[in-house]
Amino acid sequence: MVAILEIIRRLEGSLSIGKGEFIAYDVARETGDPFKILVATILSQNTSEANAYRAYDELKSRIGLEVHSIYRASLSELEESIRKAGLWKSKARAIKELANLIIERFNGEPNGLLKLTVDELRDMLLSIPGIGVKTIDVLLVNIGYGVIPLDTHILRVSRRLGLTEARRYDDVQRDLHKLIPPKLRLKAHLLLIKLGRTYCKARKPLCSVCVLNDICPKIGVEKE
Ligand code: SF4
């Protein structure tokens, strides 16, 4: 099996992570606010980071990004503000329910979420339709917990690199957690997604210019 530390070392040397590429990561670094990180992550579901950013900025200017401002806004105002993210009806409902929950459980203080155990946090957030395991994992890794959230890029590149043979979210994550130490998981999460976006594309991976070309087993990749 290819050594994961060598993969991370090479990716780190060739792929930079710039502002605007990972909205949840940017929001976490700028605000450290778990509510805003969750809002950003919900907006980024099934759309590009650019669209998520457009919706996030519009939500910020029209309604605001504080729990209380979103709690007070009507659902239709919320939907209008985030249309650019797509799936705006379901995303608006999820964001609204999240704000309601933080008002009811923590008197509107988003850092109340950080006082829960990971299991309590997962159970509470999973009760909101539109917030799933991946969204919660994105929050967790961005507030310092060593979990690797999986998206379509990570699932694909992990199999091609031979890091896992699994297909289900939990199984792939378990395999990656066995290989990648907790303190490297945020970095690995970002770099593996960037690898998928840059070289290891779904239809035609650019193996000949990929920095992992000489060490990658290219499992399931058709020869060029
Ligand atoms: S060498 Fe090809 S299959 Fe392997 S990670 Fe790079 S692009 Fe993907």
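How many nonpolar, polar and charged residues make up the shell around the ligand? The close-ups below take up that question first and then visit the other pockets and cavities of this predicted model.

**Figure 1. The ligand and its shell.** By class, seven nonpolar, one polar and two charged residues form the shell around the ligand. The residues to look for are Arg 160, Tyr 199, Cys 200, Pro 205, Cys 207, Cys 210, Asn 213, Cys 216, Lys 218 and Val 221. As for its place in the protein, the ligand sits in the largest cavity.

**Figure 2. The largest cavity, home of the ligand.** The space in the largest cavity comes to about 100 Å³. It is lined by 13 residues, and those closest to its centre are Cys 200, Cys 207, Cys 210, Cys 216 and Lys 218. Sorted by class, this lining has 10 nonpolar, one polar and two charged residues.

**Figure 3. The second largest cavity.** Two cavities of 30 Å³ or more are counted in the model, and the second largest has a volume of about 30 Å³. Its lining is formed by Leu 113, Leu 114, Leu 116, Val 118, Leu 121, Leu 140, Ile 143 and Tyr 145. These are eight nonpolar residues, with no polar and no charged residues in the lining.

**Figure 4. The largest pocket.** Here we turn from cavities to pockets. The largest pocket holds about 430 Å³ of space. Its lining counts 24 residues, and Ser 44, Glu 49, Lys 134, Val 138 and Asp 151 lie nearest its centre. Two or more lining residues come from each of α2 (23-31), α9 (133-142), α10 (152-160) and α12 (185-198). With five residues, α9 gives the largest share of this lining. Domain 1 (4-16 + 147-209) and domain 2 (33-142) each supply at least three residues to the lining of the largest pocket. In terms of class, the lining has eight nonpolar, 12 polar and four charged residues.

**Figure 5. The second largest pocket.** This pocket has a volume of about 190 Å³. Of its 11 lining residues, Arg 160, Arg 203, Pro 205, Val 221 and Glu 222 are the closest to its centre. Some names will be familiar from the first view: Arg 160, Pro 205 and Val 221 also belong to the surroundings of the ligand. The lining of the second largest pocket divides into four nonpolar, one polar and six charged residues.

Methods:
Residues numbered from 1 in each chain as written. Predicted model: local features only at pLDDT ≥ 70, side-chain atom pairs only at ≥ 80, totals over all residues. Heavy atoms only, no water. Near = heavy atom within 4 Å. 1 Å grid on protein atoms, 1.4 Å probe; cavity = no way out; pocket = protein on both sides within 12 Å on 5 of 7 lines; lining within 4 Å. Sits in = over half its atoms within 2 Å of the grid points. Nonpolar A, V, L, I, M, F, W, Y, C, P; charged D, E, K, R; others polar. Points joined across faces, edges and corners; volume = space filled by probe spheres on them. Helix = DSSP H or I, 4+ residues; strand = E, 2+ residues; numbered from the N terminus. Domains from an automatic or database assignment.
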